[in-house]
Amino acid sequence: MDAYTTSKPVYLNYDVLVVLLSHMDNFQDILSLMSTCRDLRAAGLPYIFNSRMEICCDKKLASICKFLLVDAPRRLLFLRQLAVLTYPEKPETVDLYLQVLQQAQHLEDIEVWCGLPSIDPRIHTAVSSLTGIKTLTVRNLLFREAGLLRRMQSPVRKVDISFQYYDQPIDPIWLLSKLAPTLESLRVVLGTQQRAFPQAVYPSLRTLVAESCVFERIAALIDAFPNLRDLTIFSYRDEESSEEVIRDRRENLEAQRTRSWGPMDRVLGDVLMLYR
């Protein structure tokens, strides 16, 4: 009888099933296999959080939080990456999310969205209180929400942050100063240099990507990021005269008489910024 037509069931031993789990990258497939028995439920936990978990609606956030909290000591042990691409608004969802954040001590990569009055401030406090974050992504940050980053307790190495166009300008060099000792890579969208803000030095930062930013003064960038090796910079201004551009260029050339970067691995930007 052909092996493909036999009526006898084909059994796979536990070791083979665990190997299969290690090659799965679909969240639902892993859950399906885990639901077959208690042993596979335990074996699947390290793999269910292998990829970055992106949550785009209130219902899914509540569901994931409930799943994690059923056996929080074990399940949260494997939660390393979490991207909440929504604004939790239902009180019960907010409470569940807070419980997860307060216990997620092994979380290393998190993305949070800001910019709405309805966001519960306790969420930002909980994110700031995490101690193991290495990669932080923040979207649509408002000036009044600066405390999220000013109080950050983690030794963050990589930050990707965007601000809101219509809000009060924010200087990222000032904003992220708490992270200055450990930050190695920074991408910022709609940031603005502010002369009046106290500045910080980021000795470990090697990569800077500035998109749609108002960064005219090279002296401030050199002082803040003295060991920069990879620079991508694209400017944004509503209106700009040739006189302003020429004035900035003169100031920047003068500033480089007393300070400069070492050899750069890459410099990329629009013509106007590179001319400056």
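Two strands pair if DSSP finds at least two bridges between them, and the strands themselves are DSSP runs of E with at least two residues, while helices are runs of H or I with at least four, both numbered from the N terminus. Thanks, everyone; with that in hand, let's start at β2 and β3. Strand β2, residues 81–84, runs parallel to strand β3, residues 109–113, and 3 bridges join them. One bridge to look at is that of Ala83, whose partner in β3 is Glu111.

A word on what you are looking at. This is a predicted model, in which local features need pLDDT of at least 70 and side-chain atom pairs count only at pLDDT 80 or more, though totals for chains, interfaces and linings use all residues. Residues are numbered from 1 along each chain as its sequence is written, and side-chain values use heavy atoms, with hydrogens and water left out.

Now the whole sheet. It is open, has 9 strands with parallel pairing, and its order is β1-β2-β3-β4-β5-β6-β7-β8-β9. Which strands stand at the edges? They are β1 (53–55) and β9 (266–269); each has a single partner strand, so one side of each is left without a neighbour in the sheet. From one strand to the next, the twist averages 5 degrees (axes are lines fitted to C-alpha atoms, for helices over the stretch in contact, and angles run from 0 to 180 degrees between N-to-C directions).

Let's move to β5. Of its 6 residues, 5 are buried, and the strand is mostly covered. Here buried means under 20% relative accessible area, exposed means over 50%, and partly exposed is in between, using a 1.4 Å probe and protein chains only. On one side, β5 pairs with β4 in the parallel sense over 5 bridges, and Val138 has Ile161 in β5 as its bridge partner. β5 also pairs with strand β6, residues 185–189, again in the parallel sense and over 5 bridges.

My favourite residue here is Asp160, found in strand β5, which spans residues 158–163. Is Asp160 buried or exposed? It is buried, because its relative accessible area is 17%. Its bridge partner in β6 is Arg187, and the two side chains also make a polar contact at 2.9 Å. By polar contact I mean a pair of N or O atoms within 3.5 Å; within protein, one must be able to donate a hydrogen and the other to accept it, and residues adjacent in sequence count only if both atoms are side-chain atoms. Leaving aside neighbours within four places in sequence, Asp160 is in contact (heavy atoms within 4.5 Å) with Leu136, Thr137, Val138, Arg139 and Arg187.

Finally, the rings. A search of the whole structure finds 3 aromatic pairs. Rings of Phe, Tyr and Trp (its six-membered ring) pair if their centres lie within 6.5 Å; planes under 30 degrees apart count as stacked, over 60 as edge-to-face, and the rest as tilted. Tyr87 and Trp113 have ring centres 6.3 Å apart and planes at 85 degrees, so this pair is edge-to-face. It links distant parts of the chain, with Tyr87 in the loop between β2 and α6 (91–103) and Trp113 in strand β3, 26 residues apart. Trp113 is partly exposed, at 28% relative accessible area. Phe143 and Trp174, by contrast, have centres 6.1 Å apart and planes at 10 degrees, so they are stacked. Phe143 is partly exposed at 24%, whereas Trp174 is buried at 15%. Thanks for listening!
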